[in-house]
Amino acid sequence: NIAAIPFVKLLVDRAVNEVDIYVANGIKCVEVENVAAPYFIGPGNCPWEELVILFLATRAIRSKYPQLMIGMHVLSANELEVLPLAIACGAFFVRSEATLFHGI
């Protein structure tokens with residue numbers, strides 16, 4: 001169970017705690033994004049572990065804040081990888097880089 005790994009739990013808890021701060025200060029929309037995959041890996045190459053952790057973090061945020069407008073993003077033009085995760089978490093949007101950085 002990847003969610004039981006202490007480092008994964010730490011990352012998920014940190015994401016929720018950061019959103020707590022935003023919500024407490026009136027922010028009504030957040031974007032959950034991975035920060036580990038470098039830009040040069042390219043579309044379709046995001047490590048699956050990052051996708052799972054991103055999903056777990058977003059799901060935890062959605063559970064705590066069911067009405068919050070949440071978007072998701074995976075670095076390096078990985079919109080197709082994050083789209084099913086966003087749908088499963090009830091995200092309102094997916095940020096796309098492919099339209100700006102494709103081919104760079």
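**Group meeting: a walk through the predicted model**

I will start at N25, whose place is in the loop between α1 and β1, where helices (H or I, at least four residues) and strands (E, at least two) are DSSP runs numbered from the N terminus. N25 counts as exposed because its relative accessibility is 61%; the terms I use are buried for under 20% relative accessible area, exposed for over 50%, and partly exposed for anything in between, with a 1.4 Å probe and protein chains only. The side chain of N25 reaches the backbone oxygen of I21 at 2.8 Å, and by a polar contact I mean a pair of N or O atoms within 3.5 Å, where, within protein, one must be able to donate a hydrogen and the other to accept it, and where residues adjacent in sequence count only if both atoms are side-chain atoms.

Before going further, I should say that this is a predicted model, in which local features need pLDDT of at least 70 and side-chain atom pairs count only at pLDDT 80 or more, while totals for chains, interfaces and linings use all residues. Residues are numbered from 1 along each chain as its sequence is written, and side-chain values use heavy atoms, with hydrogens and water left out.

Now the overall layout. The chain has 4 helices and 3 strands, and reading along the sequence gives the pattern α-β-α-β-α-β-α. Of the 104 residues in the chain, 37% are buried. If we take contact to mean heavy atoms within 4.5 Å, then among contacts with a separation of 6 or more, 62% are between residues 24 or more positions apart.

Let me turn to helix α2, residues 48–64. Its 17 residues should span 24 Å at 1.5 Å a residue, and the separation of 25 Å between its end C-alpha atoms agrees with that, the expected span being 1.5 Å times one less than the number of residues. The buried residues in α2 are E50, L51, I53, L54, L56, A57, T58, I61 and R62, and these pack against α1 (6–24), β1 (29–33), β2 and α3 (79–89).

Where does α1 meet this helix in terms of C-alpha positions? One pair is D13 and A57, which are 44 residues apart along the chain and have C-alpha atoms separated by 7.7 Å. D13 lies in helix α1 and counts as partly exposed because its relative accessibility is 34%.

Just after α2 comes Y65, in the loop between α2 and β2, and at a relative accessible area of 17% Y65 is buried. Setting aside neighbours within four places in sequence, Y65 is in contact with V19, D20 and V23, and its side chain is joined to that of D20 by a polar contact of 2.5 Å. Y65 also lies 9.5 Å from V16, C-alpha to C-alpha, across 49 residues of sequence.

Next, the strands. V32 lies in strand β1 and, at 8% relative accessibility, counts as buried. Outside four places in sequence, V32 touches L54, T58, I61, I70, G71, M72 and H73; G71, in particular, is 39 residues away in sequence and 6.2 Å away in space, C-alpha to C-alpha.

H73 itself lies in strand β2, residues 69–73, and counts as buried because its relative accessibility is 0%. Which side chain does H73 join through a polar contact of 2.6 Å? That partner is E33, and the wider set that H73 touches, beyond four places in sequence, includes V32, N34, L54, R95 and E97.

N34 sits in the loop between β1 and α2 and, at 7% relative accessibility, is also counted as buried. The side chain of N34 makes a polar contact of 2.7 Å with the side chain of E50, and among the residues in contact with N34, neighbours within four places aside, are C46, L54, H73 and V74.

Finally, the largest pocket has a volume of about 560 Å³. Of its 19 lining residues, L11, A15, E33, N34 and V35 are the closest to its centre. The elements giving two or more residues to that lining are α1, β1 and α2, with the largest share, 7 residues, coming from α1. By a pocket I mean, on a 1 Å grid over the protein atoms alone, an open set of points where a 1.4 Å probe fits, with protein on both sides within 12 Å along at least five of seven lines, and lining residues have an atom within 4 Å of a point. Grid points are joined across faces, edges and corners, and the volume is the space filled by probe spheres set on the points.
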